[in-house]
Amino acid sequence: MAEQAIVLTQHRRWFSVSALWSGFLSHKWFILAVTALLGLGAWQGARVLLGPAIVVDQVKLGRLVETVMASGHVETPYRVEIGSQITGTVEDVLVQQGEKVTKGQPLIALESRELRATMVQAQGAVAQAEARIKQLEELTLPSAKEALTQAQATLLNAQQTYDRTAQLEHNGYATRAALDDAQKTLDVARAATRSAQFQVYTASPGGSDYVMAQTQANQARANLDTAESRLGYATIVAPRDGVLISRSVERGTVVQPGKTLLVLAPTGDVQLVLQIDERNLGKIALGQKALASADAYPDRRFPATITYINPGIDISRASVEVKLTVADPPDYLRQDMTVSVDVEVAARDNALILPLRSVHDVLSGNAWVLGIKDGRASQRPVKIGLHGNSQVEIIDGLAAGDVAIPQSSGVLTGQRVRPVLQ
């Protein structure tokens, strides 16, 4: 019985300690709950009295660059359309679209057996004409000169015979018939001499035979040049360095003059062709600098310069065509690649700059911001200067250090706010 009494006493003590501890914990949580409620009430009271905390933008001094943004595409100043100068059948196409080529590089080969045969015939005609000239110079002319020498000797002998016969006939020692024979012989010698002289003249340079032979030789050489040219046309070559951007020919195709087979973009300056909103026409000018990037490589920017502004307006798109020259185009640029361009139209140092997100009605001409006055949002008119991509210049209405509430905050005019700088 004594042991049971001791155990019962211990249990009573344990229950008494547990009750005390449980009461203490309940009291502690109650205090914490009351404290939290008081803090929440104080925070809500401050929020009601002072307004919500709003992140604001501050007017700062800095450099502001105004740009005109536009998109366009890449193209060379001109393109070369390559075709055939003769009618023929394509034997082989030696290049692929997109391939870089150099001036004189073969691009297309046409079937040329008939052209080669024609050239061989022309070469034979030239050789024959040149042999005729050589024959005149080496055989005909020397023979004619020798015949002339003989004819002149015969003429001299006939003249001397005639003179002696005439003297004898005069002195009565010769008959009239003898004198007539001597006259006939002299006439024949004179005719033979004239004929020999003519033969020498015609075979000499400037003579009819020689001129005719030269004419035939020139005609043969011209025919050979034509045959060689036509044979050369059977191999279509690149007229200059560049990149082939189009191909519309395959093996076996029958080509004709005037049909475009390949299109070449010559190596050299690259142009960016843009369509700029006509509202920005007064801001752009020849010589202005720009930074461009291909949409395929947005992180790689390269410089360009405005070199052409179309004098007309595209009424359907309310835009003006502008071309920029890229003096040192990067290797990754391709024909017709889409690009984005920022044209620097104005810049100012020590400008009052405010983020664009805090300015209302920027384009209306009556811009305004929500400033803070006596703890409340207050509408303030401002005058805008340069427009950057995400910032604007404040000419009047705000000073350096003033703050403005972003449009996305949802704050209304007159509402209490607590400004928080970023």
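This report walks through a predicted model of one protein chain, from its overall make-up to a few side-chain details.

**Overall make-up**

The protein chain has 422 residues, and 32% of them are buried. Its secondary structure comes to four helices and 21 strands. The accessible surface of the chain is about 26000 Å². Carbon and sulfur atoms hold 54% of that surface. Among contacts with a separation of 6 or more, 74% join residues 24 or more positions apart.

**An open sheet**

Four strands make an open sheet. Their order is β7-β6-β4-β9, and the pairing is antiparallel. The edges are β7 (235–237) and β9 (254–255), each of which pairs on one side only. Strand β4 covers residues 88–93 and is joined to β9 by two bridges. Here threonine 89 stands opposite valine 254 of β9.

**Two nonpolar cores**

The largest nonpolar core has 33 residues. Leu107, Ile108, Val249 and Leu262 have the most contacts inside it. Six elements each supply at least two residues of this core: β3 (80–83), β4, β6 (106–110), α2 (113–171), α4 (208–233) and β10 (260–266). A second core is separate and has 25 residues, including Val270, Leu274, Leu324 and Val339.

Isoleucine 108 deserves a separate look. Leaving aside residues up to four places away in sequence, isoleucine 108 touches Val90, Asp92, Leu94, Ala234, Thr235, Ile236, Val249, Leu261 and Leu262.

**Aromatic rings**

The chain has one aromatic pair. Tyrosine 297 and tyrosine 332 form this pair, with 4.4 Å from centre to centre and 40° between the planes. The pair is tilted, because its angle is neither under 30 degrees nor over 60. The partners are 35 residues apart and link distant parts of the chain. The table sets them side by side.

| Residue | Loop | Relative accessibility | Class |
|---|---|---|---|
| Tyrosine 297 | between β12 (289–294) and β13 (301–309) | 31% | partly exposed |
| Tyrosine 332 | between β14 (319–326) and β15 (338–355) | 12% | buried |

Why do the two tyrosines fall into separate classes? Buried means under 20% relative accessible area. Tyrosine 332 has 12%, so this residue counts as buried. Tyrosine 297 has 31%, which is between the limits of 20% and 50%, so this residue is partly exposed.

Another ring has a charged neighbour. The charged end of lysine 323 sits over the ring of tyrosine 308, at 5.3 Å from the ring centre.

Notes
Residues are numbered from 1 along each chain as its sequence is written. This is a predicted model: local features need pLDDT of at least 70, side-chain atom pairs count only at pLDDT 80 or more; totals for chains, interfaces and linings use all residues. Side-chain values use heavy atoms; hydrogens and water are left out. Rings of Phe, Tyr and Trp (its six-membered ring) pair if their centres lie within 6.5 Å; planes under 30 degrees apart count as stacked, over 60 as edge-to-face and the rest as tilted. Buried means under 20% relative accessible area, exposed over 50%, partly exposed in between (1.4 Å probe, protein chains only). A charge sits over a ring if NZ of Lys or CZ of Arg is within 6 Å of the ring centre and within 35 degrees of the ring normal. Two strands pair if DSSP finds at least two bridges between them. A nonpolar core is a set of buried Ala, Val, Leu, Ile, Met, Phe, Trp, Tyr and Cys residues joined through side-chain atoms within 4.5 Å. Contact means heavy atoms within 4.5 Å. Accessible areas come from the Shrake-Rupley method with a 1.4 Å probe; for residues, only the protein chains shown count as cover.
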